[in-house]
Structure formats: C-alpha cells, structure tokens
Amino acid sequence: MKSLFLLFMLFGFTAFSQDSTSVENYTIEQFYGNTRVGGGEFSNDETKLLMSSDESGIFNVYEINIKDGSKKQITKSKDDSFFAEDYVPGTGEIIYSADKGGNEISHLYLLKKNGEVKDLTPGENEKANFAGWSDDKESIYYFSNKRDPKFFDIYKMDLDTWEPQMLYENDEGYQLEGLSHNEQLIALSKPITTSESKLFIYDREKDQLKEISEEKGSYSASGFSKDDKKFYYITDVGKEFSYLVEYDLETGERSTVYETNWDVMYSYLSENDKYRVIAINEDGKNRLIVINNQTGETVDLPAVPDGDIKAVNLSDSENLMRLTIGTSKTPNNLYVYDFRTNEIKKLTNTLNEEIDPEDLVASEVVRYKSFDGLEIPAIYYKPQQASERNKVPALVWVHGGPGGQSRIGYSALIQYLVNHGYAVLAVNNRGSSGYGKSFYKMDDKKHGEEDLKDVIWGKKWLQEQDYIDKNNIGIIGGSYGGYMTMAAMTFTPEEFDVGVNLFGVTNWLRTLKSIPPYWESFKTALYEEMGDPATKDSIALYNKSPLFHADQVKNPVMVLQGANDPRVLQVESDEIVAELKKNNVPVEYVIFEDEGHGFIKKENEIKGYKQILEFLNKYLKDEEM
C-alpha cells in the first residue's frame, strides 16, 4: 500500500576503467531527447498497439502498426498529458485518461472516430480509474469517487448509451480489488496498517461479505478464473515474502500456486486462462514468468541483452504478447512476441540517437553494513571517468514512499548526473519494500531515525571507495526521499555538503492532516505507520519535521516543487525555503506552476534538472556558474 505515495526512482552502476577523455558529456536537452513510452493495448484485429509517448514534449496517445512499426499520433495535447487506456471493443474508438496540471483528479475520455471527445466522468472533483471491459465487451468498468470524494464506487457504462450504472456502493471505505467475470463477486480489501490488510469477497446477489484472509498479514487480490470458480490472491502470511494462492470459491480450499524467496508483486491470467503471468521483485529488478496453464510449462521468453522485462500484455487471442523492456542504459521499449512463431519484434527506439549508450553506465546491486550491522541493499552508478587519480563527488539518493524501493533501470536524470561525473548510490534503507516483511516494518513510527542512519552509512560506504572525493558528498531525493534529504540537512547538518529536495515533506503535522480525500480508506493504515497528528503522536511528528528545526541547517539546499501537488502541498516547500533564507543558508527554489507530485513535462524537467547539475557543480565541484 505504500506504493500509493509514489515515485520509485530507478538507478544503476558500472565499473569501466575508461578515463574521462573517452566519455562524451551530453546535455540535459539530449537526455530529454529520449522518449518515454507506456501502455501497449492491442487493437481488436491485433494489428496495432495503443500506447502513450512523450515525444511531443508531454504524453499523448499514439498507435503503432505491429507489422511495419509505423507510428501515428492520435491526440495532440499541448497542456496536459493524455494517457492511453484502451481501444473500445469493436469500434476503433479510444479511451484515454488525463488530469489538469498534475492535480491527480483524472477523468476518462472517449475519443470518437470523428475526432469528437466526450468526458465520460465529468464531475468537477470526480477522480476516475479505468477498470476494464465486461466479458461480452459491451460495457466499460471504472472506479469513481463522484458520490463521495473519500471513497471509490464501481460503475459500469454500456457502450451504446455511455450512461453510468453503479455496481457497488463503497460506504465502508474498502479498497476495490476486482470483479468476477459474471459481475456477481467483488474482491475488497481493508488496510489495517501499511503492512497488514484484510481481504473479502462480496456477493452482490446474496448481499453477503465473506472474509478470505485468515491470519494477520498482507493480502491483495489477483483475479478470478474464467469460470469464476477460483479466486487468486497474494499474501505473506506465515512467510517472509509474498506468494500466490488459489482459493476455491465453493469449498474454501487453498493451495499455493507460486512461491520463491522474493516477493510475488502481481499475477494475472490471460483472456481465456491459457497463460498465467507472474512478476517477481528479485533484488531490485523484475523477473517475469509466463506459464502455459495447458501444458504446465514456463514460456521461454526471448532474451534481450541487459534487458529487464518490466511488463507484458497478452492479446485476447492469446497469440501475441506485448513486452515492455528496459535496460540500464536505455529507456523502456515496446516489443511484440508471437507465440506461434517464437519471433520477437522491437517496435520503438526510445534512446536519443545522439547518445551513445556506451557512454552511459550499467547498474549493479551493492550491499553495505549500517550502524547496527544490518545489511542495506542499494543500487549504484559509478561514473566511467572515476578513478583513484580522478576522484569524483557523490550523491546518496533516497527513494519515495516511505516504503518504496530504488530499483535497477533507466533514469535520464541519474544518467545525466553520472555522465557529468557524479557517483550515485540509491539506498534501500530499512522500511523499503522488496526485502521481506520484517525489513519493511523496521521504520514504522521511526522515520527520520534509524532509516536516516542507513542513509548516512551509505555515505560512509561511498567514502571508502578510493575514487570518491570524500569531502564532497550530497543527498538527493523526491517525496519521502525529499523529506529524508531535509531531515539529513537539519538533524545531521555536518554529514552532507548539499541537499536537493524534490517536493519533500517538511511539516508532517500538516501533510498528514491534508492528505487527498480519496486516500480516506488508507488513512488509518497511514497513521498507524507514520503517526496520527491528532494524538500524542503529534509531539514526535513535530520533532521529526525539518520545518520546525530549520535553524540547524548549515549547508546549501535546492528545492523543486510542483504548484498543483495534492500530496505535498507547495506551502511545505515555501515555508522551508523562507526559513533557510532567514538563516542565511544558500538556497535555490524552483516552482513549476503546471506540475503536481513529480514532473512530467519535458520542458520543466530540462529546466529543473539542468539547474540541479549547476547547483551541484557550484557547491560540490566549486565551479563558477
């Protein structure tokens, strides 16, 4: 559930022995000349893919012809990003989603063949999430909070009328987890803490709610079989890592479908249950397994050098599979695999052709001991130009969450910084997901304490490397990582030479009171982990809020913030910047009026991230600006 907070920043490592003369330095404009792609839904005749791409500067909807790879831009937004959801079955029309300036109040839109656009969820403060199609392909399902801003209900729209029909009124604030094929059963969950939940099946015909969860633990639904006789869920009950379970809806019998020594992140069945997809979070990297349920054999997925298969989507015919594959040195690309011929075809080329991937660096998982001997995993990038004779400054990167995870993969910002001579250590401090439930729980109500020490011991690990400039190490992070940045600069002011705070929490009392209304069902669990600002926890929350102790900050700070951020309000950054200026601490502040929690427009990323490098160069390399 911590994933509701956001932003997983992705990083990596290399140990090339080349000197600095062999590495070309690229501009931020070149790095953001890359293209980001997402989605990849098959058309009805399975000749095209519907996807999202930001090659226009912000995300728009595109179509790719699978046969020849040709691409067509469908939407031409210049202000707000549009994200492809799916083709409307049998019509060639398109569903896409969009919010306003990053405010996260996303609506669903119908793009008709004649170019007309219809807002299907027009409520002013209505947040809607696409949830798929009915089995007969004649209706759309979606979740919406239009009835009550705090809770999401399940709706259905007939494709002929596009009139909403409520299928389930969610008065109790459950998390909506899935709907059976016959629309009779609804999977629901109730967060207890961020690491514990309960799982239920609601029978619409009988008006009965049955609890599926047995013992205390984490539970999440993983779909129904095509005949609606079996229900699947993921849990960590009795185990350190999450595993996949099959539940017989008639007998109540349970059996483990898949288990390993890493977390099963998600799993689903293809259209007619021929294939099962299982995603494993294996040491900061995805491992995807596709099982042929008819033969019991694992599909031999095609190998892509240095490739990490991020996601797959199987066509309704179960003949084709879209793969989203990234590498350490290139952004994600879309591929299509044909089960009948075992052939794979690459459909996108997202790396800017001006960038030679050999000038970038691959990633590596490293581990180090923290203050108490606990082993901390991290993802590391070592600049190619770094050597004992050419020492480089370094950054400790802290992910969002707090229960997020730094993972192996491509990040244009990180590659930009590493390309310009900064080592980056992306720390997975205690409380991070992916390393077992015991590790995950270790920071509960201890945020900014032992997890901050893990970050500091990451700095010490960097200082042990003979190619690191030990006296020039900074800290950087977004969201919760931004909080950790400011906590480090405030409560351990001698540790880091600079801090870069991207939309980080600085006043926990305000942030926890002002969470968006549609997080209501998660609020109790959030307070259980972070603390309740209306109780005696308020003292601890005050004590760990950098804003109230800003007079302790000594070293330069940079802050970046989106004006429309609904999670960390702009006032959080406004106030900490004002306090730092009052105390004559060097501070730079960048606000984007058209961004929310995280920056998505290329022009803003180019502007902001270029300023980050200039800031770091000024204070860690003593370069004149």
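Which residue in E7 is the bridge partner of Tyr-87? In E7, that partner is Ile-94, and the pairing to which the two residues belong is taken up again below, after the chain as a whole.

## Basis of the description

This is a predicted model, in which local features need pLDDT of at least 70 and side-chain atom pairs count only at pLDDT 80 or more, whereas totals for chains, interfaces and linings use all residues. Residues are numbered from 1 along each chain as its sequence is written, and side-chain values use heavy atoms, with hydrogens and water left out.

## The chain as a whole

The chain has 10 helices and 37 strands, where helices (H or I, at least four residues) and strands (E, at least two) are DSSP runs numbered from the N terminus. Its radius of gyration is 24 Å, which agrees with the value near 25 Å for a compact globule of 625 residues; the radius is taken over C-alpha atoms, and the globule rule is 2.2 Å times the number of residues to the power 0.38.

Along the principal axes, the C-alpha trace spans about 65 × 60 × 45 Å. Of the 625 residues, 60% count as buried, a term that means under 20% relative accessible area, with exposed set at over 50% and partly exposed in between (1.4 Å probe, protein chains only).

## The hairpin of E6 and E7

Strand E6 (residues 83-87) and strand E7 (residues 94-98) pair in the antiparallel sense over 4 bridges; two strands count as paired if DSSP finds at least two bridges between them. The bridge between Tyr-87 and Ile-94 belongs to this pair of strands. The hairpin has 6 residues between the strands, and Gly-90 takes a positive phi near 75° there.

## The sheet E25-E26-E27-E28

An open sheet of 4 strands runs in the order E25-E26-E27-E28 with antiparallel pairing. Its edge strands, each pairing on one side only, are E25 (307-314) and E28 (343-346). Neighbouring strands are turned by 30° against each other on average, direction ignored, with axes fitted as lines to C-alpha atoms (for helices over the stretch in contact) and angles running from 0 to 180 degrees between N-to-C directions.

E25 and E26 are joined in the antiparallel sense over 7 bridges, and Asp-308 stands opposite Gly-326 in E26. Their hairpin has 5 residues between the strands, with Glu-318 at a positive phi near 65°. E26 is joined to E27 by 6 bridges, again antiparallel, with Met-321 opposite Tyr-337 in E27, and these two strands form a hairpin with 5 residues between them. From E27 (residues 333-338), 4 bridges lead to E28 in an antiparallel arrangement, and Val-336 has Lys-345 in E28 as its bridge partner.

## Burial of strand E26

In a regular strand the side chains alternate between the two faces of the sheet. Strand E26 (residues 320-327) is mostly covered, with 8 of its 8 residues buried. Both faces are covered: Leu-320, Arg-322, Thr-324 and Gly-326 are buried on one side, and Met-321, Leu-323, Ile-325 and Thr-327 are buried on the other.

## The sheet E14-E15-E16-E17 and the second largest pocket

A further open sheet of 4 strands has the order E14-E15-E16-E17, with antiparallel pairing. The edge strands are E14 (175-179) and E17, each of which pairs on one side only, and the twist averages 30° from one strand to the next. Between E15 (residues 185-193) and E16 there are 8 bridges, the strands running antiparallel, and Ile-186 has Tyr-202 in E16 as its bridge partner.

The second largest pocket has a volume of about 300 Å³. Of the 14 residues that line this pocket, the closest to its centre are Leu-185, Ile-201, Asp-203, Lys-206 and Leu-249. Strands E16 (196-203) and E17 (208-211) are the elements that give two or more residues to the lining, and E17 gives the most, with 3 residues. The lining divides into 6 nonpolar, 3 polar and 5 charged residues, where Ala, Val, Leu, Ile, Met, Phe, Trp, Tyr, Cys and Pro count as nonpolar, Asp, Glu, Lys and Arg as charged, and the others, Gly among them, as polar.

## Cavities

On a 1 Å grid over the protein atoms alone, a cavity is a set of points where a 1.4 Å probe fits but cannot get out, while a pocket is an open set with protein on both sides within 12 Å along at least five of seven lines, and lining residues have an atom within 4 Å of a point. Grid points are joined across faces, edges and corners, and a volume is the space filled by probe spheres set on the points.

The structure holds 2 cavities of 30 Å³ or more, and the second largest cavity has a volume of about 40 Å³. Its lining consists of Val-23, Asp-359, Leu-360, Val-361, Pro-383, Gln-384, Gln-385, Gln-415, Val-418 and Asn-419, which by class gives 5 nonpolar, 4 polar and 1 charged residues.
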